[in-house]
Amino acid sequence: MSDWVTGARCGMRRMVSVGLVVSAVAAWGLTTTPAFAKASYRHYAIGRLTGPTPDPVSGGLLLMGGGDRNHDAMRWFFAKAGHGHIVVLRASYGPEIGEEFFKEIGGVASVETFVFADRAAATDRKLLAALAKADGIFIAGGDQARYVRYWKGTPVAAALDAHVAAGKPVAGTSAGLAMLGERLYAAMDDGSITSAQALAAPFGAAVTIEDDFLHLALLKGVVTDTHFKERDRLGRLFAFIAKAEADRPADQPGMIGLGVDESAALAVEPDGSGRIYATAPDGGGWVVDGAGLRGLDRRGPLRAPRVRVTGIGAGSVVHLPSGTVDRPTFTRHYAAAGGQLTQVPRWSLAIHGGAGVIEPGTLSPEKEHAYRAGLDAALRAGSAVLDKGGRALDAVAAAVRVLEDDPLFNAGRGAVFTAEGRNELDAAIMDGKTQAAGAVAGVTRTRHPIDLASAVMEHSPHVLLMGAGADRFSVEQKLEQVDPAWFRTEERWRQLLAWRAKQTAAIDRTHLFGTVGAVALDASGDLAAATSTGGMTGKRWGRVGDSPIIGAGTYAKDGLCAVSATGSGEYFIRESAARQVCDRIAWDGETLADAAQATIKAVGAIGGDGGLIAMGADGHPAFAINDLGMYRGQASDTIAPQTAIYAGETLRR
């Protein structure tokens with residue numbers, strides 16, 4: 001039988017084997033017929049080609065990952081084909097798949113196999129007639145470059161489109177799946193690119209993306225790949241999508257990537273709902289959200305800070321072509337940089353409670369514990385919002401609100417006093433998704449100034465309100481009002497008295513710069529920043545620092561970073577410090593950590609001190625301080641809240 005499988009290479013010996021097979025099969029009441037009319041393809045048939053289709057035919061797609069064929073999945077496909085006549089298309093090997101379908105799995109009237117040798121076969125009348133009457137078409141694995149060369153722009157491609165449009169099922173495995181999407185990796189370089197190669201040069205010539213091949217409605221906007229988990233193909237699918245989207249009009253939705261493991265098959269109903277059949281417990285599919293792969297820098301390795309990937313398992317339902325998944329096995333986020341992929345947090349939060357000249361042992365154990373408890377409470381408040389799928393904007397406000405109520409921190413209750421003995425509060429908030437922002441300065445009666453900044457952003461046409469006008473707006477917005485005495489603490493009052501005696505603001509070296517702030521990334525990939533402060537002890541003449549100045553002490557922009565600063569505000573204003581961090585990333589390609597540290601150095605170079613926290617688009621925070629300690633903390637969906645105070649402390653990632 002092996003001589004028969006090898007095809008024309010075996011000459012007369014193959015014909016003798018074929019004759020034996022024909023005789024044996026005839027005894028079963030079946031026919032197996034090799035045809036040699038066309039030199040450009042080989043034809044094999046098994047079963048009764050002219051018999052009726054036993055059952056009704058309905059549409060569907062069977063997307064197979066390239067491993068052993070799952071018999072349950074094939075039975076689903078055969079049922080969609082009405083247990084009728086199957087045509088197998090391939091560009092290598094012989095009738096093995098037809099034999100498997102008919103003899104091992106069973107349940108079909110016949111199987112015809114056409115093995116292409118060149119493009120001329122795509123115009124053969126006999127072949128096209130077989131495609132036209134087929135109840136189901138199965139595209140085998142092999143080399144998808146051959147399929148592109150042999151079929152693109154030919155009657156075979158048109159016949160495949162027409163077959164699906166007529167409500168008949170198509171199945172594809174390995175290369176036969178990889179060429180079904182709207183755009184496809186054609187492997188035209190006579191090889192199969194690896195993830196490492198594709199990530200290193202995603203827009204290079206080796207990433208050969210073809211379009212206008214097949215036009216299947218359920219795979220519109222989809223790029224497919226196979227042997228997925230087993231051959232580590234996530235990185236290359238990222239690259240395929242990035243290149244496929246490079247010239248896609250902005251008004252069209254982002255593409256998605258669909259990867260299928262070798263041990264899995266995805267059966268898609270005509271309504272687009274798909275379910276997994278698997279030969280291994282962990283076999284499944286992967287949906288890559290291409291929104292994070294649009295508009296990328298085409299130079300060098302793939303650089304994408306955040307790409308969502310959703311797992312499809314045996315209990316999941318995927319909806320095509322949207323790519324949404326009910327009951328996913330996982331939702332992960334990955335960043336691509338330097339030719340590698342790394343998994344990044346689904347959501348992330350970082351906070352600060354001001355900076356100071358803090359050395360271990362400076363704070364009493366009780367005071368240190370109280371500071372860490374306050375930071376921890378703020379982290380947990382913001383984390384609770386993010387963990388439920390809430391917005392980054394709401395999370396930073398929730399975290400800052402806790403710090404505004406904690407008398408240890410210079411914001412809200414616990415704010416420092418002006419030279420006149422008043423508490424004048426500043427705050428700002430910014431939405432990285434919309435670039436909307438709100439800020440207030442010199443407010444005196446709003447319990448949570450961060451809520452007033454949010455109200456300015458959401459319920460006024462302005463960005464910054466100050467003084468009496470801001471207080472009136474707060475009342476109109478029905479925000480919680482308190483007597484100014486609410487903000488007073490005896491410790492801050494003593495600091496004012498000391499300032500009046502010495503005329504120096506450096507009273508509490510452990511909390512020289514007492515601003516609080518938060519930055520966050522939510523599960524939707526949106527960034528936000530918030531900052532709140534009581535300013536400087538002994539400030540005069542209505543002084544306003546950097547905290548409520550958008551771009552100086554507070555800034556956020558999706559895809560780049562979110563920043564909240566603390567320090568000598570006049571210098572942060574002069575350096576546009578918060579915006580500078582994001583600009584360094586956007587314009588110079590600096591990492592978040594490098595951009596944050598370089599910005600603090602720039603502030604220091606003109607005489608300023610302090611620190612800042614920044615959140616990257618990948619969910620990794622950065623903490624930059626100017627040789628000072630800083631009250632700070634972080635949390636994410638993978639990291640429990642953790643805090644730090646001293647300069648030498650590190651927060652794990």
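The following exchange examines a predicted model through its sheets, its largest pocket and some local features.

Biologist: What should be known about numbering and atoms, and which pLDDT do side-chain atom pairs need?
Modeller: Residues are numbered from 1 along each chain as its sequence is written, and side-chain values use heavy atoms, leaving out hydrogens and water. In this predicted model, totals for chains, interfaces and linings use all residues, local features need pLDDT of at least 70, and side-chain atom pairs count only at pLDDT 80 or more.

Biologist: In the open sheet of eight strands, which strands stand at the edges?
Modeller: Strands are DSSP runs of E with at least two residues, helices are runs of H or I with at least four, and both are numbered from the N terminus. Two strands pair if DSSP finds at least two bridges between them. The order is S22-S21-S20-S24-S23-S19-S29-S30, with mixed pairing. Each edge strand has a single partner, so one side of it is left without a neighbour in the sheet; these strands are S22 (464-466) and S30 (642-644).

Biologist: Which residue is the bridge partner of Ala520 in S24?
Modeller: Strand S23 (residues 516-521) and strand S24 (residues 527-533) pair in the antiparallel sense over six bridges. Within S24, the partner of Ala520 is Ala528.

Biologist: At about what angle does helix H11 run to S19?
Modeller: Axes are lines fitted to C-alpha atoms, for helices over the stretch in contact, and angles run from 0 to 180 degrees between N-to-C directions. Contact means heavy atoms within 4.5 Å. Helix H11 (residues 365-387) lies across S19 (348-356), S23, S29 and S30, and its angle to S19 is about 155°.

Biologist: In the open sheet of four strands, which residue of S27 is the bridge partner of Cys561?
Modeller: This sheet has the order S25-S26-S27-S28, with antiparallel pairing. Seven bridges join S26 (residues 561-567) to S27 (residues 610-616). The partner of Cys561 in S27 is Gly616.

Biologist: At about what angle does H18 run to S28?
Modeller: Helix H17 lies across S25, S26 and S27, at about 140° to S26. Helix H18 lies across S26, S27 and S28, and its angle to S28 is about 20°.

Biologist: Which strand gives the most to the lining of the largest pocket?
Modeller: On a 1 Å grid over the protein atoms alone, a pocket is an open set of points with protein on both sides within 12 Å along at least five of seven lines, and lining residues have an atom within 4 Å of a point. The largest pocket is lined by 42 residues, with Glu590, Thr591, Leu592, Ala593 and Asp618 nearest its centre. Elements supplying at least two lining residues include helix H17 (577-588) and helix H18 (592-605). The most, five residues, comes from S28.

Biologist: How far apart are the closest N and O atoms of Arg236 and Asp225?
Modeller: A salt bridge is a side-chain nitrogen of Lys or Arg within 4 Å of a carboxyl oxygen of Asp or Glu, and the whole structure holds 32 of them. Arg236 and Asp225 form a salt bridge, with their closest N and O atoms separated by 2.7 Å.

Biologist: Which residue does a cis peptide bond join to Leu320?
Modeller: Most peptide bonds are trans. A cis bond, with omega of about 10°, follows Leu320. The partner lies in the loop between S15 (317-319) and S16 (324-326), and it is Pro321.

Note on methods
1 Å grid on protein atoms, 1.4 Å probe; cavity = no way out; pocket = protein on both sides within 12 Å on 5 of 7 lines; lining within 4 Å.
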